[in-house]
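The following exercises are to be worked with the sequence and the model at hand. Each task is followed by a solution in steps.

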Amino acid sequence: MAARVVVLGGGFGGLFTALAASRWLRDRARVVLVDRNEFFLFTPLLYDVVTGRLSPHHVARPLRRLLPRSVEFLQAEVDEVDLDRRTVRTNRGELSYDFLVLALGAVPNFYGICGAQEHALPFKGLGDALHLRRRVLEHLARQERGVLRLALVGAGCTGVELSVGLHDWTRRLGRVRIALLEAMPQLLCPRDPRLMRATVEALRSRDIEVRLGTSVGEVREDGVVTGPGEAQELVPADLVVWTAGVQANPLVRQLPVDLAPGGRVRVSPTLQLPSFPEVVALGDLAAFPDPTGGFLPATAQVAVQQAAAAAKALRALVDGRAPDPFRYRPKGEVLGLGRMGAVAEVFGLRLVGLPAWLLVSLVHLVRLPDWG
């Protein structure tokens, strides 16, 4: 009798695991993918939806169209996972499994900062991007000769690319002032010092205010309060966008597993849960150690590589073998900086400007599951 593999989550980790598992397991397992959305979201280009350079259908691809017929897709909300009974309860009914893949992704992390969840706009899903676009247009329509003030909290890849995209888009529509705030003393993306300097120069050349080493103590309707004690300062803003980080899907907090910072599930070198070897966890939800003593970042690159390893682990488990350890191989960083602009580090090469932009475009194209 064929084993039943249930994959929870249709993002980079879940989708690519299901695709690989369907090829490698064939008739030996029945693969079911569960997600509350009917589409796969290509998050690296989400900021282009805000600016109108791309339509929602360009970054949101129907899962049923991406999946082969051998994979069953169930659009449902996951309510509970019972690891002891090997069942998943959804709003569409209960599923039993022989093997489970946890790839439920992440949600914004507001770090308990006062007012952040109430007043800041998250930027994680397609709805967030469309909401941000609508809010910007509404503010610009109300402004006559005033200035629209935007504050972005978090200078990772998302914050940097979104700040550039917002500037290049809104400068044609009205007067806009953008501030990018980061608690660390340097940008979080890119990490190479030379590329970091080029990125900061690209931001400041657009009159984007880059404030590094600036912690946020409170988010209010009229802006962001930075600094502790008497050093507090209000950075005025009509809209505050939160790009400061993520935490694992809250669903995992109910599981009897060991959690790392950010609510991520600690996994073994083979991506399995130590106490539940029939369960594999990956992507933003999994805490996999990196050589520096921390954990691999919550990026699409990590999730895609782990997906291939997770599918191989499933094949081994179905065959009754011990899976091989996962080894992450960094392939570099690419960061879009507006039209015909980018920075990239791939295989030891550091590129800035048009060559990097061409590389960024190629990388995004290849990562699309239906690019061919």
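**Exercise 1. Determine how many disulfides the structure holds, and which residues are joined.**

Step 1. This is a predicted model, and a pair of cysteine sulfur atoms counts as a disulfide if the two lie within 2.5 Å.
Step 2. The sulfur atoms of Cys157 and Cys189 are 1.9 Å apart, and a disulfide joins the two residues.
Step 3. The structure holds 1 disulfide.

**Exercise 2. Describe the link of Cys157 and Cys189: what is its handedness, and where in the chain do its two ends lie?**

Step 1. The angle about the S-S bond is 65°, and the link is right-handed.
Step 2. Cys157 belongs to helix 7, which covers residues 157–170. Cys189 lies in the loop between strand 13 (176–182) and helix 8 (193–205).
Step 3. The two cysteines are 32 residues apart, and the pair links distant parts of the chain.

**Exercise 3. Classify Cys157, Cys189 and Cys114 as buried, partly exposed or exposed.**

Step 1. Buried means under 20% relative accessible area, exposed means over 50%, and partly exposed lies in between.
Step 2. Cys157 has a relative accessible area of 32%, so this residue is partly exposed.
Step 3. Cys189 has 2% relative accessibility and therefore counts as buried.
Step 4. For Cys114 the value is 48%, so Cys114 is partly exposed.

**Exercise 4. Work out the order of strands 15, 16 and 17 in their sheet, and state which of them stand at the edges.**

Step 1. The sheet is open, has 3 strands in the order 15-16-17, and shows antiparallel pairing.
Step 2. Strand 15 (216–220) and strand 17 (233–236) each have a single partner strand, so one side of each is left without a neighbour in the sheet; these two stand at the edges.
Step 3. On average, neighbouring strands of this sheet are turned by 25° against each other, direction ignored.
Step 4. Strand 15 is joined to strand 16 (residues 223–226) by 4 bridges. Val219 has Val224 in strand 16 as its bridge partner.

**Exercise 5. Assess why the radius of gyration of the protein agrees with that of a compact globule.**

Step 1. The protein has 372 residues, for which a compact globule would have a radius of gyration near 21 Å.
Step 2. The protein has 21 Å, and therefore agrees with this expectation.
Step 3. The C-alpha trace spans about 70 × 45 × 40 Å along its principal axes.
Step 4. Of the 372 residues, 53% count as buried. The protein has 10 helices and 26 strands.

How values were computed. Residues are numbered from 1 along each chain as its sequence is written. This is a predicted model: local features need pLDDT of at least 70, side-chain atom pairs count only at pLDDT 80 or more; totals for chains, interfaces and linings use all residues. Side-chain values use heavy atoms; hydrogens and water are left out. Two strands pair if DSSP finds at least two bridges between them. Axes are lines fitted to C-alpha atoms, for helices over the stretch in contact, and angles run from 0 to 180 degrees between N-to-C directions. The radius of gyration is taken over C-alpha atoms; the globule rule is 2.2 Å times the number of residues to the power 0.38. Buried means under 20% relative accessible area, exposed over 50%, partly exposed in between (1.4 Å probe, protein chains only).
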